[in-house]
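The following exercises concern the packing of helices and the nonpolar interior of one protein chain. Please work through each task before reading its solution.

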Amino acid sequence: MSDTTYLAQGPRTAIRPFTHADADEFTFRARESRELHHPWLFPPTSPDTYAAYAGVLIDDPARAGFLVCERTGTAESADDGAIAGFININNIVLGGFRCGALGYGGFAHAAGRGLMSEGLGLVLGHAFGPLGLHRLEANIQPGNAGSIALVRRAGFRLEGFSPDFLFIDGAWCDHERWAITAEMR
């Protein structure tokens, strides 16, 4: 993947929009990461489910989807440009609100390496810069320690608790509400 396709770059990661051409790699990574993701999220694992998922992120102006990609610094490396995870901004509302809700997941091959932390920092810069947002929220199930640690490292604050907030895997699940504003960065 050429550097010119990236929206933002850090020392080890870069972010870029989803494309339909990412289906094979994304679904492979999602399948190999099922154990890591369960029971928190269920990213698409087949070409058909990916096409529908990516299509919404690509076409809906109330959403912005970002792939977090590894950067090795050398185009010769097989890892350069590999998808490490994804971060989506959903339910984007502009006007006086200028807010969105984050959804994200890292892939197993990248787990524990700090790539999602760096990628989240890039997405925050893009959200509070070019996208013109003021606030981002992340609603996280209380038992999801890895996800809570990610937003805490990024500077999010805990704002509350929402019982029966989101329907996941056949049940209504409680969530903690975490948020960050442009001024907090």
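**Exercise 1: The environment of helix α5**

In this predicted model, the buried residues of α5 are covered by elements that include β5, α4, β6 and β8. Determine which residues of α5 are buried, and on which side of α5 they lie.

*Solution.*
Step 1. The buried residues of α5 are Ser-147, Ile-148, Leu-150 and Val-151.
Step 2. Around the axis they span an arc of only 155 degrees, and therefore lie on the same side of α5.
Step 3. A general rule agrees with this reading: an α-helix has 3.6 residues a turn, so residues three or four places apart point the same way.
Step 4. On the face turned away from the buried side, α5 carries the exposed residues Ala-145, Arg-152 and Arg-153.
Step 5. Just after α5 comes Gly-155, with a positive phi of about 100 degrees.

**Exercise 2: The face of helix α1**

Identify the buried residues of α1 and state what they pack against.

*Solution.*
Step 1. Ala-23, Phe-26, Thr-27, Arg-29 and Ala-30 are buried in α1.
Step 2. Viewed down the axis of α1, these buried residues fall within an arc of 160 degrees, so they line one face of the helix.
Step 3. Their packing partners are α2 (34-37), α3, β3 and β4.

**Exercise 3: The contact of α1 with α3**

Describe how α1 and α3 are oriented, and which residues make the contact.

*Solution.*
Step 1. Helix α1 (residues 23-32) packs against helix α3 (residues 47-59) at an angle of about 110 degrees, and their axes are 10 Å apart.
Step 2. Angles of 65 to 115 degrees count as roughly perpendicular; α1 and α3 are therefore roughly perpendicular to each other.
Step 3. From α1, the contact uses Ala-23, Phe-26 and Thr-27; from α3, Pro-47, Tyr-50 and Tyr-53.
Step 4. Sorted by class, the contact of α1 with α3 holds five nonpolar residues, one polar residue and no charged residues.

**Exercise 4: The nonpolar cores**

Which residues of the largest nonpolar core touch the most other members, and which element supplies the largest share?

*Solution.*
Step 1. The largest nonpolar core has 30 residues, of which Ile-87, Ile-89, Leu-102, Tyr-104, Leu-136, Ala-138 and Phe-156 touch the most other members.
Step 2. At least two residues each come from β3, β4, β5, α4, β6, α5 and β8.
Step 3. The largest share, eight residues, is supplied by α4.
Step 4. Beyond its neighbours within four places in sequence, Phe-156 has contacts that include Leu-102, Leu-120, Leu-136, Val-151 and Trp-178.
Step 5. A second, separate core of 14 residues includes Phe-18, Ala-30, Leu-67 and Ile-83.

Key. Residues numbered from 1 in each chain as written. Predicted model: local features only at pLDDT ≥ 70, side-chain atom pairs only at ≥ 80, totals over all residues. Heavy atoms only, no water. Axes fitted to C-alpha atoms, helices over the stretch in contact; angles between N-to-C directions. Helix = DSSP H or I, 4+ residues; strand = E, 2+ residues; numbered from the N terminus. Parallel < 35°, antiparallel > 145°, perpendicular 65-115°, else oblique. Contact = heavy atoms within 4.5 Å. Nonpolar A, V, L, I, M, F, W, Y, C, P; charged D, E, K, R; others polar. Core = buried A, V, L, I, M, F, W, Y, C linked by side-chain atoms within 4.5 Å. Buried < 20%, exposed > 50% of the residue type's maximum accessible area, 1.4 Å probe, protein only. Arc of directions from axis to C-beta.
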